[in-house]
Amino acid sequence: MIAVINSTKIIKTPIFTIGNIEHSPTIKYGSLDFVLQKSNKQVSKIIETMCSVIQNKHSYIIVDVKVHDLKEKELPCLDNWHIDCVGRHDEPQKEEVHHLVLFGDCSLTSFIDGPIEIDVPNDKVINWNKLLVDPPTFQIESNTIYTYGRNLHKGMPATKNGRRLLIRITETDKINPRNIIK
Ligand SMILES: [Fe+2]
């Protein structure tokens, strides 16, 4: 079925730069309280600043934190176009709101630029890599909060050795906090 996807407007909110990125525990789907309790001061300060962009229109808020030491050409995650937290663009729950910020400039996430019209199969989880042929893209900047919804994006191989800090706050009706420390 032909669908228009990636139509949510992405909002950019620049925040402060930080000096050296310090190690902090990797946390997946943490509650705000849990992440603030377990993270170092640097990460806690960033999250407290990010709280100003939270929209509070969903049942749950979950937070991911990851400090990654990357070698040149290494990927911070799978090299797949994806939508965060859902397999399809048209899942029935209210569209999630994600607030993502990266520190460090060795590996900056790529997003599909603008809405695209595409023939999407009826599969539960879609292989977007198969469907997207040379899509228009842009790379995010560090020290900037990107607020988006079901917008396709993917991690990029590191352009040099370096440390990368990712923080993502997600507002969702689908996933409750699980407080996983990795
Ligand atoms: Fe993602």
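**Helix H2, a small sheet and Leu100**

Biologist: Which residues of helix H2 (residues 41-50) are buried?

Modeller: In this predicted model, helix H2 spans residues 41-50. Its buried residues are Val43, Ile46, Ile47 and Met50.

Biologist: Why do these buried residues lie on the same side of H2?

Modeller: An α-helix has 3.6 residues a turn, so residues three or four places apart point the same way. The buried residues of H2 are Val43, Ile46, Ile47 and Met50. They share one side of H2 because the arc they cover around the axis is only 100°.

Biologist: Which residues are exposed on the other side of H2?

Modeller: The buried residues of H2 are covered by elements including helix H1 (32-38), strand E4 (60-70) and strand E11 (162-172). On the other side of H2, the exposed residues are Lys41 and Glu48.

Biologist: Which strands stand at the edges of the open sheet of three strands?

Modeller: The order of this sheet is E8-E6-E10, and its pairing is antiparallel. Two of its strands each have a single partner strand, so one side of each is left without a neighbour in the sheet. These edge strands are E8 (137-139) and E10 (153-154).

Biologist: Which residue in E8 is the bridge partner of Ile112?

Modeller: Strand E6 (residues 110-112) pairs with E8 in the antiparallel sense over three bridges. In E8, the bridge partner of Ile112 is Thr137.

Biologist: Is Leu100 buried or exposed?

Modeller: Leu100 belongs to strand E5. A residue counts as buried if 20 or more other C-beta atoms lie within 10 Å of its own. Leu100 has 22 such atoms within 10 Å, so Leu100 is buried.

Definitions and conventions
Residues are numbered from 1 along each chain as its sequence is written. This is a predicted model: local features need pLDDT of at least 70, side-chain atom pairs count only at pLDDT 80 or more; totals for chains, interfaces and linings use all residues. A residue is buried if 20 or more other C-beta atoms lie within 10 Å of its own, exposed if 12 or fewer, and partly exposed in between; C-beta atoms are placed from the backbone. Helices (H or I, at least four residues) and strands (E, at least two) are DSSP runs, numbered from the N terminus. The arc is that of the directions from the helix axis to the C-beta atoms. Two residues are in contact if their C-beta atoms, placed from the backbone, lie within 7 Å. Two strands pair if DSSP finds at least two bridges between them.
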